[in-house]
Amino acid sequence: YKLSVSPEMDIMEYCRKEWRGNTPAAKRMRKGYEAVAQKFASIRRIRGDNYCAFRATLFQALSQATQLPRWLQSEDFTMLPENLLSKYDWIRQWQLRQKPGKRMGKISDEIKEYLILLRKKWKNISEMKSPLEKQEACNKLFKNEEEEYSLYEALKFLMLNTAIELYNADKSGRRVPVFSWLLFARDTSSNPCQLMHNHLNHIGHSGGLEQVEMFLLAYALQYTIQVYRLYKYSTDEFITLYPNDPEEDWPVVTLITEDDRHYNIPVRMCQETML
């Protein structure tokens with residue numbers, strides 16, 4: 001049994017424990033953590049199992065949620081698997097966690113269930129009035145492995161849907177964000193089908209999210225993901241936004257990474273910052 005999201009710990013205490021040496025890397029990390037500690041008091045460690053970008057982003061989004069996002073309210077949201085399957089036969093090769101080899105024809109109902117679960121959890125938590133109640137609900141959800149991983153399957157499917165929308169928009173001459181070109185400029189994902197086979201199907205199994213896929217996740221959720229990239233301290237990339245030109249009305253979640261592979265979350269904004 002592993003905790004998905006560990007209890008809070010003082011940020012500087014955590015930093016001193018993790019980065020004791022006097023190497024240039026340790027010094028940079030300590031400076032980075034000091035900068036984060038100007039804004040946030042605590043850190044919560046995220047379980048590292050190739051889902052950590054999903055876990056950190058979703059935990060932050062839910063624990064701050066005050067309303068159901070527009071895209072979750074739409075009538076045809078839960079019809080996505082059927083609608084996409086009717087147009088793209090290759091989606092039958094979608095791989096479900098722990099069910100490799102199960103055909104998509106059989107699992108569109110399961111993905112529909114995951115999307116319904118995502119909507120239900122988001123709605124329930126966003127309707128809670130007290131921050132403490134929200135935190136407790138999130139702590140409980142992220143201890144329930146079955147539900148937690150079902151939500152990640154929903155997120156992956158939403159990323160596929162977003163990728164298809166962006167790809168089609170670009171092909172029909174509409175304006176798309178720059179990351180979309182980069183996403184489809186890779187040899188391994190020159191179209192949504194390849195993206196699914198070579199990337200999305202592997203997330204959580206043999207790899208996590210690459211940088212360009214962090215943009216895709218942000219677009220799928222319509223959230224700005226702000227990341228303190230500690231190893232980039234004192235460069236322009238120390239605080240990176242996905243997407244880098246976010247819509248003004250998108251909510252913001254904040255993550256911390258030491259290496260662009262594993263993500264933790266800062267919590268408890270310092271009073272001055274909040275004012």
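**Exercise 1. Find how helix α3 packs on helix α8.**

Solution. Start with the axes. Those of helix α3 (residues 52-64) and α8 come within 10 Å and cross at roughly 100 degrees. Axes here are lines fitted to C-alpha atoms, for helices over the stretch in contact, and angles run from 0 to 180 degrees between N-to-C directions. Classify the angle next: under 35 degrees is roughly parallel, over 145 roughly antiparallel, 65 to 115 roughly perpendicular, and the rest oblique. The crossing therefore makes α3 roughly perpendicular to α8.

Note the ground rules. The model is predicted: local features need pLDDT of at least 70, side-chain atom pairs count only at pLDDT 80 or more, and totals for chains, interfaces and linings use all residues. Residues are numbered from 1 along each chain as its sequence is written, and side-chain values use heavy atoms, with hydrogens and water left out. Helices (H or I, at least four residues) and strands (E, at least two) are DSSP runs, numbered from the N terminus.

Now list the contacts (heavy atoms within 4.5 Å). From α3 come F54, R55 and L58. They meet E148, Y149, L151, Y152, L155, K156 and M159 in α8. Sort by class: Ala, Val, Leu, Ile, Met, Phe, Trp, Tyr, Cys and Pro are nonpolar, Asp, Glu, Lys and Arg charged, and the others, Gly among them, polar. The α3-α8 contact has seven nonpolar, no polar and three charged residues.

**Exercise 2. Repeat the analysis for α8 and helix α11.**

Solution. The axes of α8 and α11 (residues 211-221) come within 9 Å. They cross at roughly 95 degrees. That makes α8 roughly perpendicular to α11. On the α8 side, the contact uses L155, L158, M159, T162, A163 and L166. On the α11 side stand E213, L216, L217, Y219, A220 and L221. The class split is 10 nonpolar, one polar and one charged.

**Exercise 3. Locate the largest nonpolar core and its contact-rich residues.**

Solution. Apply the definition: a nonpolar core is a set of buried Ala, Val, Leu, Ile, Met, Phe, Trp, Tyr and Cys residues joined through side-chain atoms within 4.5 Å. Buried means under 20% relative accessible area, exposed over 50%, and partly exposed in between (1.4 Å probe, protein chains only). The largest core has 77 residues. L118 and W122 have the most contacts inside it. Helix α8 (residues 145-171) supplies the largest share of this core, 14 residues. Another core lies apart from it, with 13 residues, including Y14, C15, Y228 and F238.

Then trace L118. Beyond its neighbours within four places in sequence, L118 is in contact with L58, W71, L72, F77, L151, A154, L155 and L158. As background, nonpolar side chains tend to be buried together in soluble globular proteins.

**Exercise 4. Compare the settings of E153 and D76.**

Solution. Take E153, which sits in helix α8. At 2% relative accessibility, E153 is buried. Leaving out residues up to four places away in sequence, E153 touches Y51, W94, Q95, L96, R97 and Y114. Now take D76, in the loop between α4 (70-73) and α5 (80-87). Its relative accessible area is 46%, so D76 is partly exposed. D76 and A169 are 93 residues apart in sequence and 20 Å apart in space, C-alpha to C-alpha.

**Exercise 5. Work out the sheet and place strand β3 in it.**

Solution. Write down the order: β1-β2-β6-β5-β3-β4, an open sheet of six strands with mixed pairing. Two strands pair if DSSP finds at least two bridges between them. β1 (9-10) and β4 stand at the edges with a single partner strand each, so one side of each lacks a neighbour in the sheet.

Go pair by pair:
- β3 runs parallel to β5 (residues 252-257), joined by six bridges. V227 stands opposite L255, and Q226 opposite T254.
- β3 and β4 (residues 239-242) are antiparallel over four bridges. Y228 faces I239 across this pair, standing opposite it.
- β5 and β6 run antiparallel, with two bridges. I256 has N264 as its bridge partner in β6.
- β2 (residues 40-44) and β6 (residues 263-269) run antiparallel, with four bridges. I43 stands opposite P266.

Check the hairpin. β5 and β6 form it with five residues between them, and D260 in the turn has a positive phi of about 65 degrees.

Finish with burial. Six of the six residues of β3 (residues 224-229) are buried, so β3 is largely enclosed by the rest of the structure. T224, Q226 and Y228 point one way, and I225, V227 and R229 the other. In β5, five of six residues are buried.
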